[in-house]
Amino acid sequence: MSNFLGLALDSVRRNALDAARRALPQRCELCAAPSGAELLCSACVRALPRLGPACPICALPNPRGEICGRCVTEPPPFDATVAAFAYAFPVDRLMHAFKYHGRLALAEWAAGAILDARARRGATLRPDRLVALPLSHERQRERGYNQAYEIARVLSRCLRIPLLRHGIRRDRASPPQTALPWDQRAKNVRGAFACELDLSGMRVAVVDDVMTTGASLAELARVLVAAGASGIENWVVARTLPPR
Ligand SMILES: [Zn+2]
Ligand SMILES: [Zn+2]
């Protein structure tokens, strides 16, 4: 089957699945209570660990929601981060099911959470393009999909902002970041991404599921700025809070 036909069939199948899911009464993904047409019941939605006031650049919480000391002294190569939740129970469970167990229905929920967080924060600039944080070829083949791309696809459809599908890649299958201490993660991703596109003057939003140290997002932002991008925002579902 040609690649193109395969992708087209894939998208027909997905749309049919999405429609079927919406038509059936759901059970909450977390507690199995009836949840109407939604993935989570209203009690579980209320209990999610939403991020309170946070640094607008790196999304780490601080009481006044101002730019944090670290972003002042060492400004990262991105301009802003929108994060819906702290990476804590039960968001960690949902993200795990999405990433490793193929629960692709969670992509819509994740995209909705990002849109809500963006709205709560007030109007940010509308990006010209969306990019999903790429996986290496090997990892994408292993997993069969890129969870960031699945979220970005939904956002692109809702916001009518083009999603860049080609020309930005992750070259190295670096050891998984989760296996490394925080201070080694920046070194681990250096040189990991490549961009073959001309992004001159474009504002780009980079979509990912979880922002841990931000090392991968910072490295990709550097590459996108080098390709001409005039501004970068990260849009993530969850932000890992640093160890105390
Ligand atoms: Zn529930
Ligand atoms: Zn900050």
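Ala132 stands opposite Val207 in strand β5. The model shown here is predicted. That pair belongs to the contact between strand β2 (residues 129-132) and β5, which run parallel and are joined by four bridges.

**The sheet**

β5 also pairs with strand β6 (residues 231-239). This pairing is parallel too, and it spans eight bridges. Two residue pairs help to locate it. Val204 stands opposite Ile232 in β6. Ala205 has Glu233 in β6 as its bridge partner.

How does the chain get from β5 to β6? It passes through helix α9 (residues 215-226), and this β-α-β crossover is right-handed.

Step back to the whole sheet. Four strands make it up, in the order β1-β6-β5-β2. The sheet is open, and its pairing is parallel. β1 (80-86) and β2 are the edge strands, since each pairs on one side only. Neighbouring strands are turned by 20° against each other on average, with direction ignored.

Is β5 enclosed or exposed? Strand β5 covers residues 203-211, and eight of its nine residues are buried. The strand is therefore largely enclosed by the rest of the structure.

**Two zinc sites**

Now turn to the metal ions. The zinc ion (ligand 1) has four protein donors: Cys28, Cys31, Cys41 and Cys44, each through its SG atom. They lie 2.3 to 2.4 Å from the ion. The zinc ion (ligand 2) is coordinated through the SG atoms of Cys55, Cys58, Cys68 and Cys71, at 2.3 Å.

The table sets out the two sites.

| Zinc ion | Donors (SG) | Distance | Angles | Spacing |
|---|---|---|---|---|
| Ligand 1 | Cys28, Cys31, Cys41, Cys44 | 2.3 to 2.4 Å | 105 to 116° | C-x2-C-x9-C-x2-C |
| Ligand 2 | Cys55, Cys58, Cys68, Cys71 | 2.3 Å | 104 to 116° | C-x2-C-x9-C-x2-C |

Why is the arrangement around the zinc ion (ligand 1) tetrahedral? Its four donor atoms subtend angles of 105 to 116°, and this makes the arrangement tetrahedral. The ideal angle for four tetrahedral donors is 109.5 degrees. The site of the zinc ion (ligand 2) is tetrahedral as well, with angles of 104 to 116° among its four donor atoms.

Next comes the chain around the first site. The donors of the zinc ion (ligand 1) follow the spacing C-x2-C-x9-C-x2-C along the chain. Cys31 and Cys41 both lie in the loop between α1 (3-23) and α2 (42-46), so the pair ties together parts that are ten residues apart in sequence. Cys31 is partly exposed, with a relative accessible area of 41%. Cys41 is buried, with a relative accessible area of 9%. Another donor pair is Cys31 and Cys44, 13 residues apart along the chain. Their C-alpha atoms are separated by 7.6 Å.

The second site has the donor spacing C-x2-C-x9-C-x2-C in sequence. Cys55 lies in the loop between α2 and α3 (69-73), and Cys71 lies in helix α3, so this pair ties together parts that are 16 residues apart in sequence. Are Cys55 and Cys71 buried or exposed? Cys55 counts as buried, at 1% relative accessibility. Cys71 also counts as buried, at 7% relative accessibility.

**Two loop contacts**

Two residues in loops complete the tour. Ser136 sits in the loop between β2 and α6 (137-143). Its relative accessible area is 2%, so Ser136 is buried. The side chain of Ser136 reaches the backbone nitrogen of Arg139 at 3.2 Å.

Arg165 lies in the loop between α7 (147-159) and β3 (168-170). Which residue does the side chain of Arg165 join in a polar contact? The partner is the side chain of Tyr149, at 2.5 Å. Arg165 and Tyr149 are 16 residues apart along the chain, and their C-alpha atoms are separated by 8.7 Å.

Methods. Residues are numbered from 1 along each chain as its sequence is written. Chains are lettered from A and ligands numbered from 1 in the order in which they are written. This is a predicted model: local features need pLDDT of at least 70, side-chain atom pairs count only at pLDDT 80 or more; totals for chains, interfaces and linings use all residues. Side-chain values use heavy atoms; hydrogens and water are left out. Donors are N, O and S atoms within 2.8 Å of the metal (3.2 Å for Na, K and Ca); water is not among the atoms, so sites may look incomplete. Four donors count as tetrahedral if all angles lie between 85 and 135 degrees; four count as square planar and six as octahedral if opposite donors are over 155 degrees apart and all others between 65 and 115; anything else is irregular. Buried means under 20% relative accessible area, exposed over 50%, partly exposed in between (1.4 Å probe, protein chains only). Two strands pair if DSSP finds at least two bridges between them. A crossover is right-handed if, with the strands pointing away from the viewer, the path from the first strand over the helix to the second runs clockwise. A polar contact is a pair of N or O atoms within 3.5 Å; within protein, one must be able to donate a hydrogen and the other to accept it, and residues adjacent in sequence count only if both atoms are side-chain atoms. Axes are lines fitted to C-alpha atoms, for helices over the stretch in contact, and angles run from 0 to 180 degrees between N-to-C directions.
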